[in-house]
Amino acid sequence: MKLIDNWKQAWKLKSVQVGALSAFFYVIMYASFELLWLFGSNFPQFWAAVPQEIKELLPHSWVLWLGFLNNVLSVFARLKAQPELHTGVNQFVAITAGHSNTDPGAVRGKDKEADFVVKVRNAVELYLLRAGLEVKTDGSGGINLPLTNAIQIAKGASTKVEFHLNASDNPKANGIETIALPKDKKLAQAISQAIAGVTGGVLRGDKGWIDQSQSARGKLGFVTNGGLVVELGFLSNAAEFAVLQAKYWLVAKAIADVIIQHEKGA
């Protein structure tokens, strides 16, 4: 048999590369189906479809080892995180409002913390739903369930966020902060910065993030369970709260945009 000129360089030819690749996959298929057969698989019809010449390519001992390797690699492939396969099935975002219908939280005149954060929660939920995310909340409309309910509702959420308003005896105290565990530092900073981008408010803590261990409130149930507590601003600061009231839809959209990007891994 006479070989082509420069046959030693044949590996550079696309046809040779494709042929070698095809042979490799035939071997893998052979190994996989032979192993399945040996273990009493219900797929003999697949083995019957493999050409006889392929079956005779390798010694039987090689088939066992390649089959074993194929199954081990399959396990590792299953364990590897694959964000592109996350379609939202069994994955949801929890958005809750601080305090409850029976606990108003901070109060200044007729303004109540619990009432305002419900409005923000509802607006954020709307934007998230429009983006195609699954959302669970601690109530609809004006309903604001207690913290214990919120924690239960948020269990299993990929992202869980609760809204609050700060208050101080100092009417000039101001700023935005998100209390969270260290693992959520970047997300906490992004949410606080998004709010500040709308209201022009200042960032408290570390660029808007407060480590729960550094919070004056101590341990918070929602944060301990993996959530983020967003302090939108100070209800006790009339000027700051007026801006929040006037722009709460824009604030909600800014927050939702951050959550959407986070959920989609952008």
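In this predicted model, F116, Y127, F241, Y248 and W249 form one aromatic cluster. The structure holds four aromatic pairs. One of them joins F116 and Y248. Their ring centres lie 6.1 Å apart, and the planes meet at 70°. The pair is therefore edge-to-face, since planes over 60 degrees apart fall in that class. F116 belongs to helix α5 (residues 113–130) and Y248 to helix α10 (residues 248–263), so the contact ties together parts that are 132 residues apart in sequence. Both rings belong to buried residues. For Y248 the relative accessibility is 16%.

Y248 also pairs with W249. Here the centres are 5.7 Å apart and the planes stand at 35°, so this pair is tilted. W249 has 40% relative accessibility and counts as partly exposed. The Y248–W249 pair thus joins a buried residue to a partly exposed one.

F241, another member of the cluster, is one of the buried residues of α9. The others are E240 and L244. These three residues cover an arc of only 95° around the axis, which puts them on the same side of α9. A239 and A246 are exposed on the other side of the helix. An α-helix has 3.6 residues a turn, so residues three or four places apart point the same way. The N-terminal end of α9 is capped by N237. A side-chain oxygen of N237 lies 3.2 Å from the backbone nitrogen of A239.

S236 lies in the loop between β8 (228–234) and α9 (238–246). Its relative accessible area is 16%, so S236 counts as buried under the 20% limit. A polar atom of the S236 side chain lies 2.9 Å from the backbone nitrogen of S168. Beyond residues up to four places away in sequence, S236 touches R108, N166, A167, S168, N170 and P171.

R108, one of these neighbours of S236, also takes part in a salt bridge with D111. The N to O distance between the two side chains is 3.8 Å. D111 is buried, with a relative accessible area of 18%. R108 counts as partly exposed, at 30% relative accessibility.

The structure holds six salt bridges. Among them is the bridge between K183 and D184, with the closest N and O atoms 2.8 Å apart. K183 is exposed, with a relative accessible area of 61%. D184, by contrast, is buried at 11%. Another bridge joins D206 and K185, whose closest N and O atoms are 3.1 Å apart. This pair links distant parts of the chain, 21 residues apart. D206 sits in the loop between α7 (185–199) and β7 (209–211), whereas K185 is in helix α7. D206 is partly exposed, with a relative accessible area of 31%. K185 counts as partly exposed too, at 29% relative accessibility.

Helix α6 (residues 147–154) has A150, I151 and A154 as its buried residues. They cover an arc of only 100° around the axis, which puts them on the same side of α6. The elements that cover these residues include β1 (93–97), β5 (159–166) and α8 (221–224). Just after α6, G156 takes a positive phi of about 85°.

For the protein as a whole, the secondary structure comes to ten helices and eight strands. The protein has 266 residues, of which 40% count as buried. Among contacts between residues at least 6 apart in sequence, 75% join residues at least 24 apart. The accessible surface comes to about 15600 Å². Carbon and sulfur atoms account for 60% of that surface.

Technical notes
Residues are numbered from 1 along each chain as its sequence is written. This is a predicted model: local features need pLDDT of at least 70, side-chain atom pairs count only at pLDDT 80 or more; totals for chains, interfaces and linings use all residues. Side-chain values use heavy atoms; hydrogens and water are left out. Helices (H or I, at least four residues) and strands (E, at least two) are DSSP runs, numbered from the N terminus. Buried means under 20% relative accessible area, exposed over 50%, partly exposed in between (1.4 Å probe, protein chains only). A polar contact is a pair of N or O atoms within 3.5 Å; within protein, one must be able to donate a hydrogen and the other to accept it, and residues adjacent in sequence count only if both atoms are side-chain atoms. Contact means heavy atoms within 4.5 Å. The arc is that of the directions from the helix axis to the C-beta atoms. A salt bridge is a side-chain nitrogen of Lys or Arg within 4 Å of a carboxyl oxygen of Asp or Glu. Accessible areas come from the Shrake-Rupley method with a 1.4 Å probe; for residues, only the protein chains shown count as cover. Rings of Phe, Tyr and Trp (its six-membered ring) pair if their centres lie within 6.5 Å; planes under 30 degrees apart count as stacked, over 60 as edge-to-face and the rest as tilted.
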